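Visitor: I'm new to this one. Can you walk me through it?
Guide: Sure. Let's put it on screen and start with one residue.

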Amino acid sequence: MLAAIGIASVADLFVDVPADLRFPPLDLPPAMSELELQRELRRLSGQNANATTHSIFLGAGVYNHFVPAAVDQILRRGEYYTAYTPYQPEVSQGTLQAVFEYQSMIADLTGMDVVNASHYDGGTALAEAAIMALNVTRKRNRLVVARGLHPQYRAVLRTYMQSLNLEIVGDDDPTMSLDDLVNLVDEHTAALFVQSPDFLGKLHDLRGIADKVHAKGALLVVHFDPIGLALFQTPGAVGADIATGEGQPLGIGLNYGGPYLGIFAARQKDVHKIAGRIVGATRDMNGELAYTLTLRAREQDIRRERATSNICTNQGLMALAATVYMSLMGRQGLRRVAELCYHRAHYAATQIAQLPGYTVDLTQPFFKEFVVQCPRPVAAINATLRTHGIIGGYDLAQDEPQLGPAMLLAVTEMNSKADIDQLVAVLREG
Amino acid sequence: MSVYTSEPPLYELSSTGKIGANLPTLDVPTAPLPTHLLREDELAGFPELSETEVIRHFTRISQRNVCIDTVMYPLGSCTMKYNPKLHEEAARLPGFAAAHPLQDQSLSQGALALMYQLQQYLGEISGFDAVSLQPAAGAQGEFAGILVFRAYHLSRGDVERTEVLVPDAAHGTNPATAAMSGFKVIEVKSDARGNVDLDDLQSKLSPRTVGMMLTNPNTLGLFEEQIVEVSRLVHAAGGLMYGDGANFNAILGIAKPGQVGFDFMHYNLHKTFTTPHGGGGPGSGAVGCTAALAPFLPGPIVRQNATDGTYELFMPEQSIGRLKTFHGNFGMLVRAWTYIRTLGEQGLREVSETAVLNANYIRTQLQDLYPAAVDRICMHEAVLRGQIAGAQGIRTLDIAKRLIDFGIHPPTVYFPLIVPEALMIEPTETESKANMDRFIAVMRQIAREAIETPDVLHNAPTNAPVRRLDEVRAARKPILRYNAEKFAELRRGE
């Protein structure tokens, strides 16, 4: 090969690199064989508690849901995970059809018109919703954000917006009601952002607010839990302009924080303002049904600095996981999972509410997560739970200090009655 | 590929009452449901299938994809190299795949150790002092970098900087990122040798310069010959140098971006460090930077506690904030860590040496028929032009589509934008000489066909799951979700 290229050595390929900076040493651990690495990886992995070693009641935006074996069997197919972005539709029909089916099922689930091929995660989907709202409403400089939005989503939103000279209001006061938030929407506001179930697990009745928000020329953005939508009010039904969600509960493991799935849905009228990839159905030259990336004039590789966003990738394989999961569950399965979560969470809440020193607000509707006000600091309670192989709830001390010692407890179809009873027993013993 | 048959949409396979999952029965008393909050349609119309039907459906449509496991993928700028199977097993170990990101850090020491080590390795390979694994993809790494530049300038009271310099050859994400960060994009020309034009650069640098976004090797597949001078000029104007790491596969152990003048870069772990592309993601766009910029990095980042040696997450004191939830696409980090530990110093350098050798081999064997954009030794990718002497009415698109008939994924086409009819070919180090020789022979055959039987190219592909698509219809009458009536129209040819 060197002769064919017309050089004497491989080093001759790198003469353009400044000589004094060429071939720097790399101080790295020595190479390892596959079997040595398997051993080392198992050692590192073995140091982490996880859903196979512990009973998990921790949620706060990421949930330990059941993932049928069939999901990963499909994900392991090289045809999916070693394929590139489907820019060449003739040889990418598998990926394209799967994404089209993802878009279709998420549209049904959310009651929205159009869905894109996904964003990085729930937080970035929400930030992209803000960018889109600013593009749709034009020349507005205010976002109204409910405190019920996951604190990390609000943090991501502020990161994305930091250079844009905007005002982000509404989430500094824990006493603010939905009506108060709607009243903050004015003619400078691009969008109102609400979440249901909210960060603390509460379900909100969002009917009626879209009209008030639209009256000011602003958009309504609703962040949802995809499992919850099997039972509860959809963003589409309450008139949301944009709906975003964290897709992790749909067949994606906990993965210590990622990769997850950013669900993004919108209205037909705004389809040209949506960021990210979208797949459409069409025909090939022979008239055969086929799928392709479409409405591409929105994207960065074509529009450059005038693109709707800089987003380039989507979470293709995670969208596939969600699609396979939703297909396996189907209408009945999704509703059964949601019912298991709902009833077991309410059973757990009722049991814990009877413990001396513990308080749970059972008067407000919630789905699978709820706040437990505790007689002592949550860190201490969780330390006790750990000794019993239980990972307790999320400590709200940082995010909602006004609640006093309080934990956010999540219950899913993975937490059996026996698991819940064990949790309650350990809490009772203190 | 004639075995491919079409597969109906999932919705058309559905029949009422089926379920593909085996769920537990309810073992607690039912609680009353809040009737005013229920969805009214009870999810009517949602697909219902058995497990067998679901598996068959997704297996059948998978066979309508090509992928790295089946074909050569010389896709320039995308680094489609082989994805080792060990990595898939590693990421699925329960301590990684089933760990909750918010569980106590004392319960996550293995995961945090792995992240800490990966930060160290990436910093060492690139010559940077600090690394954040947070960004979810390259474009998010770019966004992080430009926000960090902004924060750095503001922290020094340097408030007049509003312009980001971007070469005309740059990836589309670069100008899109600068615009998303609220800055004005100033384009810088390339010179005849494919480098940044120094005169044009100097004329555009000013006290308003935030910095420059540069890919090196650049998108012509060339190492910037004047990189040290480019960096010096940008720094002299008070600007910072952003390195787009899309082409990092060419310079592992060959050059360190931190040593040639870059202040900040992103690593596409899904390119250079072979985390699988997944049909369009997930990616991972970790970032590295100099000590001066480290306080502004997105977080959380992992550090080692000096007293007890444990690992912990922290936010840098002047951080631009978090770019996504939790701490990066962790599953991708496990794969990248495994890759680096498999190869070590020598192995990584051989990756780049072989990738560059392979690209030059293809370039020299094809540039008599497909003229090179710039006639120079290239790095890991060769940018050629689909302008075949003597061929009439043949475009690069036709050449790309004809490659599909031979079971080869097309190269990146029409990019960079400054090269007419561009064909950007990146074989990567994982392609054998035999496969490259076959690719070369096919490309030479296509060049002959372009002259002798051009219709063969115009009609290509004919050996693929579908023929060329009606893209105009897709855009003019968009069907973006399943609808029985619209599908019937499509099938009737309306």
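**A walk through the model**

Guide: Ser126(B) sits in helix H4 of chain B, which covers residues 109–126. Keep in mind that this is a predicted model.

Visitor: Is Ser126(B) buried or exposed?
Guide: Ser126(B) counts as buried, because its relative accessibility is 0% and the cut-off for buried is under 20%.

Visitor: Which residues does Ser126(B) touch, leaving out those up to four places away in sequence?
Guide: Phe248(B), Lys256(B), Pro257(B), Gly258(B), Met265(B) and Tyr267(B).

Visitor: And which side chain does the side chain of Ser126(B) make a polar contact with?
Guide: That of Tyr267(B), at 2.6 Å. Tyr267(B) is also among the residues that Ser126(B) touches.

Visitor: New topic. How many residues does each chain put into the contact between chain B and chain A?
Guide: Chain B puts in 197 residues and chain A puts in 175 residues.

Visitor: What area is buried there, between chain B and chain A?
Guide: About 16,200 Å². Carbon and sulfur atoms give 63% of that area.

Visitor: Why quote an area at all?
Guide: The accessible area lost when parts come together is often used to give the size of an interface.

Visitor: How many salt bridges are there between chain B and chain A?
Guide: Eight salt bridges. One of the side-chain pairs that meet in a salt bridge is Lys324(B) with Asp121(A), at 3.7 Å from N to O.

Visitor: How many residue pairs are in polar contact between the two chains?
Guide: There are 94 such pairs between chain B and chain A, counting those with both residues at pLDDT 80 or more.

Visitor: Which helix gives the largest share of chain B's side?
Guide: Helix H9 of chain B, residues 330–366. H9 supplies 24 residues of the side that touches chain A.

Visitor: What classes of residue make up that side of chain B?
Guide: The side touching chain A has 104 nonpolar, 53 polar and 40 charged residues.

Visitor: Now chain A by itself. How is chain A divided?
Guide: Into two parts: domain 1 is 55–67 + 330–429, and domain 2 is 69–324. Their C-alpha centres lie 28 Å apart.

Visitor: How many residues does each domain of chain A bring to the contact?
Guide: Domain 1 of chain A brings 28 residues and domain 2 of chain A brings 27. The area buried between these domains is about 2,300 Å², with 68% from carbon and sulfur atoms.

Visitor: What about salt bridges between those two domains of chain A? How many?
Guide: Two salt bridges. Separately, eight residue pairs are in polar contact across the same interface, both residues at pLDDT 80 or more.

Visitor: Which elements of chain A supply at least two residues to domain 1's side?
Guide: Helix H11 (316–353) and strand E11 (369–373) each do so. H11(A) gives the most to that side, with six residues.

Visitor: And the class split on domain 1's side?
Guide: There, 17 residues are nonpolar, five are polar and six are charged.

Visitor: Back to chain B. Where do its domains run?
Guide: Domain 1 of chain B is 10–62, and domain 2 is 87–341. Their centres, taken over C-alpha atoms, are 42 Å apart.

Visitor: Last one. What caps the N-terminal end of helix H14 of chain B?
Guide: Asn483(B) does. A side-chain oxygen of Asn483(B) lies 3.0 Å from the backbone nitrogen of Glu485(B). H14(B) covers residues 484–492. Just after H14(B) comes Gly493(B), with a positive phi of about 85°.

Methods: Residues numbered from 1 in each chain as written. Chains lettered and ligands numbered in written order. Predicted model: local features only at pLDDT ≥ 70, side-chain atom pairs only at ≥ 80, totals over all residues. Heavy atoms only, no water. Helix = DSSP H or I, 4+ residues; strand = E, 2+ residues; numbered from the N terminus. Buried < 20%, exposed > 50% of the residue type's maximum accessible area, 1.4 Å probe, protein only. Polar contact = N/O pair within 3.5 Å; in protein donor to acceptor, adjacent residues only side chain to side chain. Contact = heavy atoms within 4.5 Å. Buried area = accessible area lost by both parts, 1.4 Å probe. Salt bridge = Lys/Arg side-chain N within 4 Å of Asp/Glu carboxyl O. Nonpolar A, V, L, I, M, F, W, Y, C, P; charged D, E, K, R; others polar. Domains from an automatic or database assignment.
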